[in-house]
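Please open the structure in a viewer and keep a selection panel at hand. The tour proceeds by successive selections.

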Amino acid sequence: MRVDPVSWWRARSLSERVVAAVLAGSALLLAEVRFEHREVLGETWRAWLPLGYAALLLIGGGAALFRWRRGGRPVLAALFALAFVVGALGIWFHSGGHPLTHLVRVLSAWRLPPGQDGGMKIGSAPPVLAPADFWGLGAIGLIACLDDGADHSAVGPQRGPGHR
């Protein structure tokens, strides 16, 4: 049986569409993290955590999305909640166990005149807040999964009496 992708997409709820977009974003994040971690992957197991999580989210989340109405939604919620753990671990590892110290250093860039490095060489340390990207994906995904959808079961024009 062939399914028209446009019809299939239009039949999805707003929450399902948001989750699909977040999963697509996780695919881009997976590619970027793989590139940025290319050297350190041979040095430490910790560098594999975001890659493993993003791959799990992409594969497991994609399968759960297709089963949204049959138990996939809580699976996706659990996967998105795990993003907060992965992000926190990443910030911890990127900061060498001193996230507040490094956060102050990151925020101190706002005091520097444009064009000055403040004595910090670019690339000399991992970007401390980069793992917080996982928090963003997790938050958006959780919001979509926990939405009850009462006001918008499907996106698009509504037909029938009482709809404008």
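The stops below lead from the whole chain to one helix, then to the core and the surface.

**Whole chain.** Begin with a cartoon of the entire predicted model. The protein contains six helices and zero strands, so the order of elements from the N terminus reads α-α-α-α-α-α, by the DSSP assignment of helices and strands. Of its 164 residues, 30% count as buried. Among contacts with a separation of 6 or more, 76% join residues 24 or more positions apart. A surface representation would show an accessible area of about 11000 Å², with 65% of that area belonging to carbon and sulfur atoms.

**Helix H2.** Select residues 14-36 next. This selection is helix H2, with 23 residues. From first to last C-alpha, H2 reaches 33 Å, close to the 33 Å expected at 1.5 Å a residue. Within H2, display the buried residues: Ser 15, Glu 16, Arg 17, Val 19, Val 22, Leu 23, Ser 26, Leu 29 and Val 33. Then add what covers them, which includes helix H1 (5-10), helix H3 (48-66), helix H4 (72-94) and helix H6 (133-146).

**The largest nonpolar core.** Which residues have the most contacts inside the largest nonpolar core? Select Val 19, Leu 76, Phe 80, Phe 134 and Cys 145; the core as a whole has 25 residues. The elements giving two or more residues to this core are H2, H3, H4 and H6. In soluble globular proteins, nonpolar side chains tend to be buried together.

Centre the view on Leu 76. Leaving aside neighbours within four places in sequence, Leu 76 is in contact with Val 19, Gly 61, Ala 64, Leu 65, Trp 68 and Cys 145.

Move from there to Leu 65, in helix H3. Is Leu 65 buried or exposed? Its relative accessible area is 11%, under the 20% limit, and therefore Leu 65 counts as buried. Not counting residues up to four places away in sequence, Leu 65 touches Glu 16, Val 19, Ala 20, Leu 23 and Leu 76. A distance label between the C-alpha atoms of Leu 65 and Val 19 should read 7.6 Å, although these residues lie 46 residues apart along the chain.

**A nonpolar surface patch.** Finally, select Trp 45, Leu 49, Leu 56, Leu 82, Val 85 and Leu 89. Together they form a nonpolar patch on the surface, with about 530 Å² of accessible area. H3 and H4 each supply at least two of its residues, and H4 gives the most, with three. Trp 45 is found in the loop between H2 and H3. Because its relative accessibility is 57%, over the 50% limit, Trp 45 counts as exposed.

Definitions and conventions:
Residues numbered from 1 in each chain as written. Predicted model: local features only at pLDDT ≥ 70, side-chain atom pairs only at ≥ 80, totals over all residues. Heavy atoms only, no water. Helix = DSSP H or I, 4+ residues; strand = E, 2+ residues; numbered from the N terminus. Expected span 1.5 Å × (residues − 1). Buried < 20%, exposed > 50% of the residue type's maximum accessible area, 1.4 Å probe, protein only. Contact = heavy atoms within 4.5 Å. Core = buried A, V, L, I, M, F, W, Y, C linked by side-chain atoms within 4.5 Å. Patch = residues over 30% accessible without salt bridge, like charges linked within 9 Å, V, L, I, M, F, W, Y side chains within 5 Å. Areas by Shrake-Rupley, 256 points an atom, 1.4 Å probe, with all protein chains shown as cover. Salt bridge = Lys/Arg side-chain N within 4 Å of Asp/Glu carboxyl O.
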